[in-house]
Structure formats: C-alpha cells, structure tokens
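Trainee: I would like to learn how to read a structure that is new to me, one feature at a time. Could you give me the general idea of each feature before turning to the case at hand?

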Amino acid sequence: MDFRFGEQTGGLPEDAYSEDGAEDTPSGGDFSAKRIFDIVAATLGLIFLAPLLLVVALLIRLQDGQKVLYCPPRLGYRGQAFRCFKLRTMVPDADSRLQAVLESSAKARLEWDLTQKLTNDPRITPLGKFIRSTSIDELPQLINIIRGDMSLVGPRPISFNERPRYGEYFDVYTRVRPGLTGLWQTSGRSNTTYAERVQLDTKYVQTRTFWGDVLIIVKTVPAVLLSVGAK
C-alpha cells in the first residue's frame with residue numbers, strides 16, 4: 001500500500017540486507033517462500049479487511065455517484081504493464097485540475113517535478129484525504145499481489161511518465177515485482193526527492209532478502225498507524 005510517513009521510522013539498518021542473499025528473480029520462482037508468503041498474507045488480508053473495504057467503497061459511491069475504483073496502468077516486473085487497483089480518492093476531473101494548478105503555480109510545479117505529489121492537492125476529495133492518510137486507498141492492491149502483479153514488499157509501481165526518471169536504473173527496477181511497501185517508504189517517502197526514491201529502489205533490488213522484507217513490513221506498521229507524511 002502506498003504508505004505515507006516520515007523520517008522517524010528510521011529506515012533500516014545496513015545489515016538487514018546482504019548481496020549474498022539477493023535472489024535472481026523477484027520471488028525466486030512462483031513457489032518461493034516470498035511468493036507463498038505474498039499469496040497467503042494477501043488472501044488473509046482481503047478476508048479480514050473485506051467489511052472495511054465494502055463500507056469505504058459505499059461511501060465513495062455515495063459522495064458523487066462515480067466509480068469506486070481507480071485502476072491506472074503501471075509498469076512492473078520485466079517492464080510489463082498492469083492495472084494497479086486503488087480506491088478512488090480524487091474528483092472525476094482530476095487530470096484537468098492538476099494541469100491547471102501546475103500551469104498557474106511555479107511552487108506547485110517545482111514540488112510536482114521533485115516528488116510527483118502535491119502537499120495541497122486540489123484533486124483529492126474530503127473523503128479521499130482521510131482514506132489516503134490511513135492508506136485504505138491502497139488495500140485493493142492485495143488483489144494485485146494475489147494475481148502476481150505485485151508483492152508485499154518492493155519498489156512502488158511507477159507510471160509510464162515516471163519511467164524516464166529511472167534512467168539507466170529502470171532495468172534494475174523491473175527485476176522485481178512492485179510492492180505495497182518497501183525501502184523507500186521506510187526511509188522517508190514523501191520527505192524524499194524522486195532521485196532519492198530511485199536510489200532507494202535500486203538499493204532494495206540489489207540487496208533484498210526475505211528477512212529484510214519481513215523487517216520492512218514490521219517497520220511499516222507504526223508508520224501507517226501514525227499516518228506520518230501522508231500526501
């Protein structure tokens with residue numbers, strides 16, 4: 001899930017990762033411990049969270065009568081595109097509103113260029129602000145995990161427009177499945193620049209281990225509960 005938090009999560013200790021423990025594929029094969037863990041955890045998570053998702057989906061529908069899910073195309077493992085499931089947090093004319101803000105505010109344009117996010121985003125609905133701050137909007141991505149599009153831990157999925165930002169490191173990014181959380185999220189997320197995000201994603205891919213993933217998940221929990229750095 002697109003977890004939002006700040007520096008008090010403290011990142012991860014350097015010894016949480018090891019070059020010797022890095023796998024050659026994102027899951028070591030479909031029957032690796034990582035892939036099995038992904039499927040089991042995501043399935044249990046969907047069952048447990050189903051009532052919450054149904055209630056929030058109903059509220060989204062009632063606020064303006066528009067669709068509940070937002071499914072933008074994202075680039076994932078081996079550069080293949082997939083639909084990334086999210087609960088809709090924005091107004092129906094979000095694209096035109098974003099363009100208007102970027103054209104009228106140099107400050108907003110600079111922030112967008114650095115992070116691909118806006119602190120005061122005019123596209124987000126009042127309900128959307130709440131479900132974003134609690135990361136509820138990202139929970140449908142548990143379905144992406146079960147489908148094999150994503151993993152619990154990995155780089156966040158990127159859009160086609162973000163691909164050039166990875167430059168020569170795009171090939172590194174595509175070696176693994178994108179994740180609900182990852183090293184970038186536990187190292188500052190919204191408080192980092194996009195260049196720092198690329199560095200953290202690259203570090204994760206090159207040094208990942210199963211137990212390193214578990215540690216990232218553990219560090220994610222308090223960050224989500226505190227909703228630190230939410231955008």
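Mentor: Let us begin with two terms: the bend at a residue is the angle between axes fitted to the seven residues ending there and the seven starting there, while helices (H or I, at least four residues) and strands (E, at least two) are DSSP runs, numbered from the N terminus. What you see is a predicted model, in which local features need pLDDT of at least 70 and side-chain atom pairs count only at pLDDT 80 or more, whereas totals for chains, interfaces and linings use all residues. Residues are numbered from 1 along each chain as its sequence is written, and side-chain values use heavy atoms, with hydrogens and water left out.

Trainee: At which residue does helix 1 bend, and by about how many degrees?

Mentor: Helix 1 bends at L49 by about 55°, and a proline, P51, follows within four residues. Just after helix 1 comes G65, which has a positive phi near 75°.

Trainee: What span should helix 1 have, and how far apart are its end C-alpha atoms?

Mentor: The expected span of a helix is 1.5 Å times one less than its number of residues. Helix 1 has 32 residues and should therefore span 46 Å, which agrees with the 43 Å between its end C-alpha atoms. For helix 8, with 14 residues, the expected span is 20 Å, and its end C-alpha atoms are 20 Å apart, which agrees.

Trainee: Which residues of these two helices are buried?

Mentor: Buried means under 20% relative accessible area, exposed means over 50%, and partly exposed lies in between (1.4 Å probe, protein chains only). In helix 1 the buried residues include K34, R35, D38, L49 and I60, and in helix 8 they include Y194, R197, D201 and Y204.

Trainee: Which residues touch the most other members of the largest nonpolar core?

Mentor: In soluble globular proteins, nonpolar side chains tend to be buried together. A nonpolar core is a set of buried Ala, Val, Leu, Ile, Met, Phe, Trp, Tyr and Cys residues joined through side-chain atoms within 4.5 Å. The largest such core here has 28 residues, of which I60, L87, I131 and I145 touch the most other members. Two or more residues come from each of helix 1, helix 4 (126–133), helix 5 (141–147), strand 5 and helix 8 (194–207), and helix 1 gives the most, with six residues.

Trainee: How many cavities of 30 Å³ or more does the structure hold, and what lines the second largest cavity?

Mentor: On a 1 Å grid over the protein atoms alone, a cavity is a set of points where a 1.4 Å probe fits but cannot get out, and a pocket is an open set with protein on both sides within 12 Å along at least five of seven lines; lining residues have an atom within 4 Å of a point. Grid points are joined across faces, edges and corners, and a volume is the space filled by probe spheres set on the points. The structure holds two cavities of 30 Å³ or more, and the second largest has a volume of about 40 Å³. Its lining consists of K34, F37, D38, S151, L152, V153, F210, D213 and I217, with at least two residues from each of helix 1 (33–64), strand 5 (151–153) and helix 9 (210–226). Ala, Val, Leu, Ile, Met, Phe, Trp, Tyr, Cys and Pro count as nonpolar, Asp, Glu, Lys and Arg as charged, and the others, Gly among them, as polar; this lining has five nonpolar, one polar and three charged residues.

Trainee: Which residues lie nearest the centre of the largest pocket?

Mentor: The largest pocket holds about 1,000 Å³ of space, and of the 44 residues that line it, Y70, R74, M90, W112 and R123 lie nearest its centre. Strand 2 (73–75), strand 4 (86–87), helix 2 (94–104) and helix 3 (106–115) each give two or more residues to this lining, which has 17 nonpolar, six polar and 21 charged residues.

Trainee: Is R78 buried or exposed, and where is it found?

Mentor: R78 is found in the loop between strand 2 and strand 3 (81–83), and it counts as exposed because its relative accessibility is 61%. Although R78 is not a glycine, it has a positive phi of about 60°. S135, in the loop between helix 4 and helix 5, also has a positive phi, near 65°, but S135 is buried, with a relative accessible area of 2%.
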